[in-house]
Amino acid sequence: MFSPAYLRQAIDAVGVDRILFSTDYPYQYRPGGDARRFVEGLELDAANKAKFAHANWERLTAGRLLA
């Protein structure tokens with residue numbers, strides 16, 4: 001679901017440092033860049049948008065070899 005309201009509730013509950021963005025690709029592919037537009041359109045500052053989009057995952061997996 002690309003819902004800013006649900007995302008805001010999740011951030012309010014656990015904080016932006018504990019939220020990861022993902023999609024169900026290839027199982028639920030939505031052509032047209034919906035995921036990118038959703039992230040770009042969020043009412044988050046650039047640092048928090050980056051955390052949600054990729055930085056939290058990078059921090060979580062830093063130094064780990066993924067198989």
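**Loop, core and salt bridges in a three-helix chain**

R18 lies in the loop between α1 and α2. The model that places R18 there is a predicted one, and the chain averages a pLDDT of 87, with 85% of the residues scoring at least 70. Confidence peaks in helix α1 (residues 4-14), at a mean of 96, and bottoms out in helix α2 (residues 34-40), at 87. The overall layout is quick to describe: there are three helices and zero strands, and from the N terminus on the elements run α-α-α.

Back to the loop. R18 has a relative accessible area of 68%, so it counts as exposed. Along the sequence, R18 and K51 are 33 residues apart, yet in space their C-alpha atoms are 8.9 Å apart. K51 itself sits in helix α3 (residues 46-61). With a relative accessible area of 26%, K51 is partly exposed. Setting aside residues up to four places away in sequence, K51 touches V16, D17, I19 and N56. F21 is another residue to look at from K51: the two are 30 residues apart in sequence, with a C-alpha to C-alpha distance of 9.1 Å.

L20 belongs to the loop between α1 and α2 as well. Its relative accessibility is 44%, which is over the 20% limit for buried and short of the 50% needed for exposed, so L20 counts as partly exposed. Together with W57 and L60, L20 forms a nonpolar patch on the surface, and the three residues have about 300 Å² of accessible area between them.

Then there is the inside. Nonpolar side chains tend to be buried together in soluble globular proteins. Here, the largest nonpolar core is made up of nine residues: L7, I11, V16, I19, F38, V39, L42, L44 and F52. Helices α1 and α2 are the elements that give two or more residues to this core. Two of the core members, V16 and I19, also turn up among the residues that K51 touches.

V39 is a handy core residue to follow further. Once its neighbours within four places in sequence are left aside, V39 is in contact with F21, K49, F52 and A53. Of these partners, F52 is itself listed in the core. P4, which lies in helix α1, offers another view of this part of the chain: P4 and V39 are 35 residues apart along the chain, and their C-alpha atoms are separated by 9.2 Å. The contacts of P4, not counting residues up to four places away in sequence, are with F38 and L42, and both of those partners are core members.

Links between parts of the chain that are distant in sequence show up in the totals too. Among contacts in the chain with a separation of 6 or more, 64% are accounted for by residues 24 or more positions apart. Of the 67 residues of the chain, 19% count as buried. The chain exposes about 5400 Å², and carbon and sulfur atoms supply 54% of that area.

As for charged pairs, the structure holds four salt bridges. One of them is in helix α1, where D12 pairs with R8 and the closest N and O atoms are 3.3 Å apart. D12 and R8 are separated by about one helical turn, because they are four residues apart in helix α1. The two ends differ in their accessibility class: D12 is exposed at 56% relative accessibility, whereas R8 is partly exposed, with a relative accessible area of 35%.

Helix α2 brings further pairs. D34 forms a salt bridge with R37, and here the closest N and O atoms are 2.7 Å apart. Both residues lie in helix α2, three residues apart, which is about one turn of the helix. E40 forms a salt bridge with R36, with 3.9 Å between the closest N and O atoms. That distance still falls within the 4 Å cut-off, so the pair qualifies as a salt bridge. E40 and R36 also lie in helix α2, four residues apart, again about one turn of the helix. E40 is partly exposed, with a relative accessible area of 49%, while R36 counts as exposed at 60%.

Key: Residues numbered from 1 in each chain as written. Predicted model: local features only at pLDDT ≥ 70, side-chain atom pairs only at ≥ 80, totals over all residues. Heavy atoms only, no water. pLDDT = per-residue confidence, 0-100. Patch = residues over 30% accessible without salt bridge, like charges linked within 9 Å, V, L, I, M, F, W, Y side chains within 5 Å. Areas by Shrake-Rupley, 256 points an atom, 1.4 Å probe, with all protein chains shown as cover. Salt bridge = Lys/Arg side-chain N within 4 Å of Asp/Glu carboxyl O. Buried < 20%, exposed > 50% of the residue type's maximum accessible area, 1.4 Å probe, protein only. Core = buried A, V, L, I, M, F, W, Y, C linked by side-chain atoms within 4.5 Å. Contact = heavy atoms within 4.5 Å.
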